[in-house]
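Subject: Structure handover

Hi there,

Here is the structure I promised to pass on to you. Please have it open while you read, and my notes on what I found follow below.

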Amino acid sequence: KFSIMAHNINFNEQTGRHSFFSVQQKAWHGLGQIVEQYPTSEEAIVHAGLDYEVIKSPLFTQGRTMNIGDSGELIEANDILVPNSFATLRTDTNRPLGVVGKDYHIVQNREAFNFFDAIVGGGDGILYETAGALGNGERIFITAKLPDYIRVGKGDDVTEKYIFLTTSHDGSGSITAAFTPIRIVCQNTLNASLRSMTNVVRIKHTSGAKQRLENAHKVMGLANTLSTQLENIFNDWAKVRVTDREVRKLIQLALCPNKETLNLLKKGAEDEVSTVFKNTVDDAFEYAMTSDTQQMATTKGTLFGAYNAVTGYFQNVRNYRDGEAKLQSIVMGGTAQLKTQKAFELCTDFAYSGAEIFNFN
């Protein structure tokens with residue numbers, strides 16, 4: 001379901017395998033392992049090549065003495081400890097992964113999987129679908145499917161519920177877990193946060209990170225609350241009729257890049273907006289009108305279809321530099337996620353405030 005830049009997937013020279021697995025579907029660019037059945041967390045760690053430990057090792061720099069030999073060579077060199085700095089080291093390959101401070105707490109790969117198991121109490125509830133490591137193993141990612149669904153209409157339009165987690169061992173970024181619904185029929189990522197609720201949990205790599213990771217499943221209980229509310233919202237939207245003109249206006253407002261463009265739209269001066277923006281709106285509107293997934297009873301001429309026009313544009317139409325850029329944009333708080341959140345808020349206002357058209361504010 002998620003795509004990562006293929007050439008950045010870790011290759012373990014000791015095992016001769018790429019550190020990635022996926023269930024049933026062909027792995028990215030033919031790399032990694034394909035398994036037929038959903039694995040347990042213990043199996044998934046091995047399939048993905050994540051069964052390694054990371055340690056903090058003292059960091060040294062090489063100092064020089066003033067003793068010079070007859071030929072001008074350096075007689076002695078000594079190692080000098082760099083205070084309060086450590087290298088993170090992958091113990092199976094002895095690869096350094098990054099430089100961190102004294103308060104940095106390593107969260108082992110197995111602890112990340114324990115987080116998933118804890119969400120639904122272990123057992124067969126969580127379905128590990130992909131996992132892997134990037135670079136030298138300094139960044140890992142896991143996607144897992146929750147056992148039930150969001151159903152819209154008479155039940156034919158089904159959205160699967162995923163949790164995506166990424167963490168790093170190089171001191172960059174936080175541990176991030178995101179609740180991410182994906183509409184099966186078109187693979188649209190229906191990221192949405194209610195005004196009173198987020199869909200993302202971030203945990204810093206500090207001394208308390210391990211404990212907070214163990215407790216994060218309590219916070220991720222919001223996945224159940226959020227999915228129930230989204231199911232109700234999406235079913236309501238599937239009953240709200242919208243015109244093609246309103247769909248296009250939603251697209252303009254959701255994808256609007258800056259205040260200058262918004263002011264032009266307010267004045268009705270659409271001919272004066274940039275060519276890039278015009279083309280973006282045209283591409284998204286064409287998807288809204290012509291995609292097979294937009295012709296279903298739940299989406300054709302409905303507010304739910306209008307929202308899917310924006311999510312579908314970012315998932316299926318827009319070009320990205322690479323798969324990792326797409327993942328960052330759609331799932332990890334990038335441009336696509338911000339724009340689809342704007343579309344969600346516009347649709348919410350349209351459905352529940354009695355507005356006749358989408359307002360320019």
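Before the hairpins, one definition: two strands pair if DSSP finds at least two bridges between them. Please also keep in mind that this is a predicted model.

With that in place, strand 10 and strand 11 form a hairpin with six residues between them. In the turn of that hairpin, G171 has a positive phi of about 90°. The two strands run antiparallel and are joined by eight bridges, with strand 11 covering residues 175-183. If you want a spot to look at, find I163, which stands opposite F179 in strand 11.

Strand 10 also has a partner on the other side of the sequence. Strand 9 (residues 139-152) runs antiparallel to strand 10, and eleven bridges join them. These two form a hairpin as well, with four residues between them, and G153 in the turn has a positive phi of about 75°. Here K145 stands opposite Y162 in strand 10.

How many of the twelve residues of strand 10 are buried? Twelve of the twelve are, over residues 157-168. In a regular strand the side chains alternate between the two faces of the sheet. In strand 10, D157, T159, K161, I163, L165 and T167 point one way, while V158, E160, Y162, F164, T166 and S168 point the other way. Both sets are buried, charged residues included in the list such as D157 and K161. 

Now for the wider picture. The protein has ten helices and 13 strands, and buried residues make up 51% of its 361 residues. Among contacts between residues at least 6 apart in sequence, 63% join residues at least 24 apart.

In soluble globular proteins, nonpolar side chains tend to be buried together. The largest nonpolar core in this model has 92 residues, and those with the most contacts inside it are F116, F234 and I251. Helix 8 gives the most to this core, with eight residues.

F234 is a good residue to click on. Leaving aside its neighbours within four places in sequence, F234 is in contact with I150, V152, L190, F304, Y307 and F344. F234 also belongs to a cluster linked by ring pairs, together with W237, F304, Y307 and F344.

That brings me to the aromatic pairs, which come to eleven when ring centres within 6.5 Å are counted. One of them is F113 with Y128: the ring centres are 5.2 Å apart and the planes stand at 50°, so the pair is tilted. F113 lies in helix 2 (residues 109-119) and Y128 in strand 8 (residues 127-134), so this pair ties together parts that are 15 residues apart in sequence. F113 is buried, with a relative accessible area of 0%, and Y128 is buried too, at 1%.

A second pair worth a look is Y307 with F344. Their ring centres are 5.9 Å apart and their planes are at 70°, so this pair is edge-to-face. Y307 lies in helix 8 (residues 303-317) and F344 in helix 10 (residues 335-352), so the pair ties together parts that are 37 residues apart in sequence. Both Y307 and F344 are buried.

Two rings also have a charge over them. The charged end of K56 sits over the ring of F86, 4.8 Å from its centre. R248 lies over the face of F285, at 5.2 Å from the ring centre.

Back to helix 10 for a moment. Its 18 residues should span 26 Å at 1.5 Å a residue, and the end C-alpha atoms are 26 Å apart, which agrees. Buried residues in helix 10 include A336, K339, F344, L346 and F350. Is Q341 in helix 10 buried or exposed? With a relative accessibility of 17%, Q341 counts as buried, because the cut-off is under 20%. Apart from neighbours within four places in sequence, Q341 is in contact with A192 and S193.

For contrast, look at A297, in the loop between helix 7 (275-290) and helix 8. A297 is exposed, with a relative accessible area of 73%. A297 and G153, the residue in the turn between strand 9 and strand 10, are 144 residues apart in sequence and 7.8 Å apart in space, C-alpha to C-alpha.

Happy to talk any of this through whenever suits you.

Best wishes

How values were computed. Residues are numbered from 1 along each chain as its sequence is written. This is a predicted model: local features need pLDDT of at least 70, side-chain atom pairs count only at pLDDT 80 or more; totals for chains, interfaces and linings use all residues. Side-chain values use heavy atoms; hydrogens and water are left out. Rings of Phe, Tyr and Trp (its six-membered ring) pair if their centres lie within 6.5 Å; planes under 30 degrees apart count as stacked, over 60 as edge-to-face and the rest as tilted. Buried means under 20% relative accessible area, exposed over 50%, partly exposed in between (1.4 Å probe, protein chains only). A charge sits over a ring if NZ of Lys or CZ of Arg is within 6 Å of the ring centre and within 35 degrees of the ring normal. A nonpolar core is a set of buried Ala, Val, Leu, Ile, Met, Phe, Trp, Tyr and Cys residues joined through side-chain atoms within 4.5 Å. Contact means heavy atoms within 4.5 Å. The expected span of a helix is 1.5 Å times one less than its number of residues.
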